[in-house]
Amino acid sequence: HEAMASRKIVKEKGATIEPFEESVAQALADLEASGSEIKAELRELFITSAKEIDVTGGKTAVVLFVPFRLLPKFHKIQTRLVRELEKKFSGKPVIIIAQRRILPREKAGGRLQKQKRPRSRTLTSVHENILDDLVFPTEIV
């Protein structure tokens, strides 16, 4: 079963897997193995990292970071997946956020990069998109 869990989390090269991330990966593997209704969708999904974050009222929330290109697939099963994971993590809220990259602004001294920084990599854009992920399936209008 250990091999299943390690397939559920893929870190950047050289990054170590934290014990908490291990437990989240294990929970995902268990869900996939349990033959739940989302088993088929879960098969090709994995996370890049997981954190426990302190929220107001002395509670903690579980945040899963997922590869950006898998976000739409996570969104398809998000309500069911979150419900199952919240059971596993004793009622802690579970949030799914895409792993995004912020690139620094270009300085006035000309362009060092060969390409212009894409809008989707700006601080503002990344922050707005994280907010959208945070409130999914609700939309910010």
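Visitor: Phe20 and Phe89 catch my eye here; which word fits them, buried or exposed?

Guide: In this predicted model, Phe20 is buried, and Phe89 is buried as well. That label calls for a relative accessible area under 20%.

Visitor: What makes the rings of Phe20 and Phe89 a pair, and why is the pair called tilted?

Guide: Their centres lie 5.9 Å apart, and rings count as paired within 6.5 Å, so these two qualify. The planes meet at 55°. Stacked would need under 30 degrees and edge-to-face over 60, so 55° leaves tilted. The structure holds one aromatic pair.

Visitor: Which parts of the chain does the pair link?

Guide: Distant ones: Phe20 belongs to helix α2 (residues 19–33), while Phe89 sits in the loop between α4 (71–88) and β3 (94–99). The two are 69 residues apart.

Visitor: Let us stay with helix α2, where Glu32 is found. Why does Glu32 count as buried?

Guide: The relative accessible area of Glu32 is 5%. Buried means under 20%, so Glu32 is buried.

Visitor: What does Glu32 touch, beyond residues up to four places away in sequence?

Guide: Glu32 touches Met4, Arg7, Lys8, Lys39, Leu42 and Arg43.

Visitor: Ser23 is found in α2 too. Why is Ser23 called partly exposed?

Guide: Ser23 has a relative accessible area of 33%. Buried stops at under 20% and exposed begins over 50%, so 33% falls in between and Ser23 is partly exposed. From Ser23 to Leu85 there are 62 residues in sequence, but 11 Å in space, C-alpha to C-alpha.

Visitor: And Val24, what is in contact with it once neighbours within four places are left aside?

Guide: Val24 is in contact with Ile47, Ala50, Val62, Leu64 and Phe89. Val24 also appears among the residues of the largest nonpolar core that touch the most other members, together with Ile47, Leu64, Phe74, Leu81, Leu85 and Ile96. That core has 30 residues.

Visitor: Which elements give two or more residues to this core?

Guide: They are α1 (2–7), α2, β2 (59–67), α4 and β3. The largest share, seven residues, comes from α2. In soluble globular proteins, nonpolar side chains tend to be buried together.

Visitor: Now to Ile102, in the loop between β3 and α5 (123–135). Why does Ile102 count as partly exposed?

Guide: Its relative accessibility is 38%. Partly exposed lies between the 20% limit for buried and the 50% limit for exposed, so Ile102 gets that name. Leaving aside neighbours within four places, Ile102 is in contact with Arg121, Thr122, Leu123, Val126 and His127. Gly57, 45 residues from Ile102 in sequence, is 31 Å away, C-alpha to C-alpha.

Visitor: Stepping back, how many helices and strands are in the chain, and how do they run?

Guide: There are five helices and three strands. From the N terminus on, the order is α-α-α-β-β-α-β-α. Of the 141 residues, 34% count as buried.

Visitor: What share of the contacts between residues at least 6 apart joins residues at least 24 apart?

Guide: The share is 60%.

Visitor: And how many positive and negative side chains does the chain have?

Guide: The chain has 26 positive and 19 negative side chains, and the centres of these two sets lie 8 Å apart. The accessible surface comes to about 9300 Å², with 55% belonging to carbon and sulfur atoms.

Terms used:
Residues numbered from 1 in each chain as written. Predicted model: local features only at pLDDT ≥ 70, side-chain atom pairs only at ≥ 80, totals over all residues. Heavy atoms only, no water. Phe/Tyr/Trp six-rings, centres within 6.5 Å; stacked < 30°, edge-to-face > 60°. Helix = DSSP H or I, 4+ residues; strand = E, 2+ residues; numbered from the N terminus. Buried < 20%, exposed > 50% of the residue type's maximum accessible area, 1.4 Å probe, protein only. Contact = heavy atoms within 4.5 Å. Areas by Shrake-Rupley, 256 points an atom, 1.4 Å probe, with all protein chains shown as cover. Lys, Arg positive; Asp, Glu negative; His and termini not counted. Charge placed at Lys NZ, Arg CZ, Asp CG, Glu CD. Core = buried A, V, L, I, M, F, W, Y, C linked by side-chain atoms within 4.5 Å.
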